[in-house]
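Work through the exercises below with the sequence and the model open beside you. Each one sets a task and then solves it step by step.

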Amino acid sequence: MPDVYNWQIGRTMAYPFAAAPAKWQFAFVFNTNRCINCQTCTMACRSTWTFSKGQENIWWNNVETKPFGGYPQNWDSKLLALLEEYNPGGQLWDPVTGKSPEAPYGRFEGKTIFEAAAGYAGAEGPKVALGYIPTAEEWASPNIFEDHARPEARPPSAVKHMTATLPEHKVWFFYLARLCNHCTFPGCLAACPRQAIYKRPEDGVVLIDQSRCNGYQKCVEACPYKKAIFRPNTGASEKCVACYPRLEGRDPELSPNGEPCETRCMTACVGKIRMQGLVRIEEDGAWAKDPQNPIFYLVRERQVALPLYPQFGAEPNGFYIPPRWVPRPYLIQMFGPGVGHAIEQYSCPDRELLAVLQLFRTAQQIIFRFEIQPGPKIAEIEVTMPDGSSRAQAIFNDTVIGYNKFDKEAVRITIEEPTFERPAIHPNSI
Ligand code: SF4
Ligand code: SF4
């Protein structure tokens, strides 16, 4: 297998194909601290793409309650267990050695799904990526364990099928919104024997050619995030298409001049947790340095948003600001060793970061560049940091402006949100 460089694990790794970087890459940042599990994103996607016969169990976007929820059920813990079985005690990070802007989380010393498959010997023959095909039962309940909490004091075996118990401060859960990560090194694409899956060079979107797919489900098996899903009545697999007509600026309502727009699930987000964009990729596959692009800023410049299970090796392009209240070992397993830094940044954001965070869900057009105009100081507050210490945070009423692909202003918003008083002739009559 050729070697490719995966910046998220800080090293080269074996992948079935040589790197073929896209010019731009579809990417998104989700702020898990703000998700309210309203599932509006899920239904926005559902009502656009997967409402037909045969798609009953196909949810391109889902929101699951961690740690017990999952769609398909246990998708992540099952793969983690397979990798651990293959490489017992070896799935470890070295967060210090070689840490650099090209390896921001240090180096993953364990085996990726591709590397673990190299040593696989099973009755069904060799595999390109270590994985499994979920059962029909695991696909059947997208909302399983929704709002179930994890009591800290009990072992997982004791809480398998129970609800939360008091005292409440001893329990935790959080909502994890998920869709296809349009990975740089997709497991689905690597495993397809028909070469029906391809990654678009213009935006890095990963698609399944329905006319080539024979329904072997190798993509379902190899996608570490289980976001390629088989549709029984067509005999082909399907996956998120990143609402590519919107990305291409072909929505007549939103893109009068061909401006790229965010996907349906992103723009529908009630909790304002989502920001989606396109990041420019260099010829060698590295992210082009572009600190005024909000996605680049949050992921690479400030490292406040982290990839989901980077150790799987697919180099996913979905990034998460981790939830502040969840035990660190769990978060580090899920988002890698950058968790402490990300949470510290987010807990007391400086002036610039606060302004960029304000941009979430303020425009439907993709923001390619932001600019901040300084405003007056309006408050100083005490913030409790994750380690219990307190820090003073000065708040300035800065204005942040987002520009679209053609460098035209798409949004302008201040830190202090404007308030409006209902006029007396329109009293609240509820
Ligand atoms: S998340 Fe899964 S389906 Fe999507 S590109 Fe990555 S490997 Fe393929
Ligand atoms: S719409 Fe936003 S807030 Fe609501 S569940 Fe989806 S990601 Fe969470």
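The exercises go from the whole chain to its sheets, then to one strand and its loop, and finally to backbone exceptions and ligand shells.

Residues are numbered from 1 along each chain as its sequence is written, and chains are lettered from A and ligands numbered from 1 in the order in which they are written. The model is predicted, so local features need pLDDT of at least 70 and side-chain atom pairs count only at pLDDT 80 or more, whereas totals for chains, interfaces and linings use all residues.

**Exercise 1. Describe the overall dimensions and composition of the protein.**

Start with the secondary structure: there are 12 helices and 21 strands, where helices (H or I, at least four residues) and strands (E, at least two) are DSSP runs numbered from the N terminus. Next, take the extent, which for the C-alpha trace is about 75 × 55 × 50 Å along the principal axes. Then compare the radius of gyration with the globule rule, which is 2.2 Å times the number of residues to the power 0.38, taken over C-alpha atoms; a compact globule of 430 residues would have a value near 22 Å, and the protein agrees, because its own value is 22 Å. Finally, look at packing: buried residues make up 44% of the 430 residues, where buried means 20 or more other C-beta atoms within 10 Å of the residue's own, exposed means 12 or fewer, partly exposed lies in between, and C-beta atoms are placed from the backbone. Of the contacts with a separation of 6 or more, 63% are between residues 24 or more positions apart, a contact being two C-beta atoms, placed from the backbone, within 7 Å.

**Exercise 2. Work out the strand order and edges of the four-stranded sheet, and place the helix that crosses it.**

The open sheet has the order β14-β3-β16-β15 with mixed pairing, and two strands count as paired if DSSP finds at least two bridges between them. At the edges stand β14 (274-280) and β15 (306-307), each with a single partner strand, so one side of each has no neighbour in the sheet. Moving inward, β3 (residues 24-31) pairs with β14 in the antiparallel sense over seven bridges, and Phe28 stands opposite Gln276 in β14. Helix α9 (residues 294-301) lies across β3, β14 and β16 (318-321) and runs at about 90 degrees to β14; axes here are lines fitted to C-alpha atoms, for helices over the stretch in contact, and angles run from 0 to 180 degrees between N-to-C directions.

**Exercise 3. Examine strand β4 and the loop that comes after it.**

In β4 (residues 62-66), five of the five residues are buried. In a regular strand the side chains alternate between the two faces of the sheet. Accordingly, Asn62, Glu64 and Lys66 point one way from β4, while Val63 and Thr65 point the other way. The strand pairs with β9 in the antiparallel sense over five bridges, and Lys66 stands opposite Phe174 in β9. A cis peptide bond then joins Lys66 and Pro67, with omega about 20 degrees, and Pro67 lies in the loop between β4 and α2 (75-86). That loop also contains Pro72, which a cis peptide bond joins to Tyr71, with omega about -5 degrees.

**Exercise 4. Buried or exposed, or in between: what are the surroundings of Asn37 and Ala242?**

Most residues other than glycine have a negative phi, and most peptide bonds are trans. Phi of Asn37, however, is near 60 degrees, and Asn37 sits in the loop between β3 and α1. Asn37 is partly exposed, because 19 other C-beta atoms lie within 10 Å. Phi of Ala242 is likewise positive, near 60 degrees, and Ala242 belongs to the loop between β13 (236-239) and α7 (244-247). Ala242 is buried, because 26 other C-beta atoms lie within 10 Å.

**Exercise 5. Characterise the shells around the two ligands.**

For ligand 1, 14 residues surround it, the closest being Cys180, Cys183, Pro186, Cys188 and Cys223; a residue is near a molecule if its C-beta atom, placed from the backbone, lies within 6 Å of it. By class, this shell has nine nonpolar, three polar and two charged residues, with Ala, Val, Leu, Ile, Met, Phe, Trp, Tyr, Cys and Pro counted as nonpolar, Asp, Glu, Lys and Arg as charged, and the others, Gly among them, as polar. For ligand 2, the shell holds 16 residues, the closest being Cys35, Cys38, Cys41, Cys269 and Gly271. Its classes are 11 nonpolar, four polar and one charged, and α1 (40-49) and β9 (174-178) each supply at least two of its residues.
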